[in-house]
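I sat down today with a new model and a fresh page. Here are my notes on what I looked up, in the order I went through it.

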Amino acid sequence: MKFPAAALLNKMEFPVLLAGLVIAGGLWGLVELMELARATTPHAFDTEILLAFRHAGQPDSPIGPPWLQGAVRDITALGSTSVLVLITTATIVYLLLIRRPATALLMFVAVAGGQVLSSLLKHEIDRPRPELVSHLVNESSFSFPSGHAMLSAVTYLTLGSLAARFLPDHTSKVFVLGLAVLTAVLVGVSRVYLGVHWPSDVLAGWCAGFAWAMLCWLAARLLQRRKVVADSD
């Protein structure tokens, strides 16, 4: 006789199990990082990584050749509000044109919900931007979590999961989802390089973003099985 937990695991599909693990891990990581962000002094983890992107003893001088700063600014723009709104709007309009209103609504809820969650967390933690190094771009909002890291994770992973449903083979699906994750990672790293976020801000953004995106994916999967959202056929 099988134990109930073992029987449940046998019935559960691997993607669903993986999504559940990402959600659980993301929420756990977010809670731990919130405690770190509430500390009155920055953790050594934050300061050491932030200073690693500057020449030793020169907090105003980022590492790398002169062209790298421009490249990093271009990468960080992929997580900006204007770019993400443009991508999200274009995707929603396309889904409406091909008569997938429920999927378009899910896309809107995922991205808009991520934005609301990011804003609530920022005002709850009320963490100032790091002053340890110079800022290579101007920012005025609170620091925790990184909105660029969180919303790029939500938007690109949601887009990737939607696109993967229409792709014919496993290799293409893995490539698209891998590209979505890579984009979110690069955006987050760019925020630390530019000096506008502590590394823990970015980690929290990834934790919250990936967890929220996976939660929305599970909701879409459930609705698809109930024929509320059309599948790739």
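**Notes on a core and a pocket**

I began with Met107, keeping in mind that this is a predicted model. Leaving aside residues up to four places away in sequence, I found Met107 touching Thr88, Thr91, Ile92, Leu95, Thr155, Thr158, Leu159 and Leu162.

Next I looked for a second core. Apart from the largest one there is another, made of eleven residues, and I noted Ile125, Phe144, Ala204 and Ala208 among them.

Then I went back to the largest nonpolar core, which has 34 residues. Which of its members touch the most others? My list reads Met107, Leu157, Tyr193, Leu194, Phe210 and Met214. I then checked which elements give two or more residues to this core, and wrote down α2 (14-37), α5, α6 (101-125), α7, α8 and α9 (199-225). The most comes from α7, with seven residues.

My last entry is on the second largest pocket, which holds about 300 Å³ of space. I counted 14 lining residues, and Thr91, Leu159, Gly160, Leu162 and Ala163 lie nearest the centre. Two or more lining residues come from each of α5 (81-97), α7 (147-164) and α8 (170-193). Which element gives the largest share of this lining? Here I again wrote down α7, with five residues. By type, I sorted the lining into eleven nonpolar residues, three polar ones and no charged ones.

One link I enjoyed: Thr91, Leu159 and Leu162 are among the residues that Met107 touches, and these three are also among those nearest the centre of the second largest pocket.

Technical notes. Residues numbered from 1 in each chain as written. Predicted model: local features only at pLDDT ≥ 70, side-chain atom pairs only at ≥ 80, totals over all residues. Heavy atoms only, no water. 1 Å grid on protein atoms, 1.4 Å probe; cavity = no way out; pocket = protein on both sides within 12 Å on 5 of 7 lines; lining within 4 Å. Points joined across faces, edges and corners; volume = space filled by probe spheres on them. Helix = DSSP H or I, 4+ residues; strand = E, 2+ residues; numbered from the N terminus. Nonpolar A, V, L, I, M, F, W, Y, C, P; charged D, E, K, R; others polar. Core = buried A, V, L, I, M, F, W, Y, C linked by side-chain atoms within 4.5 Å. Buried < 20%, exposed > 50% of the residue type's maximum accessible area, 1.4 Å probe, protein only. Contact = heavy atoms within 4.5 Å.
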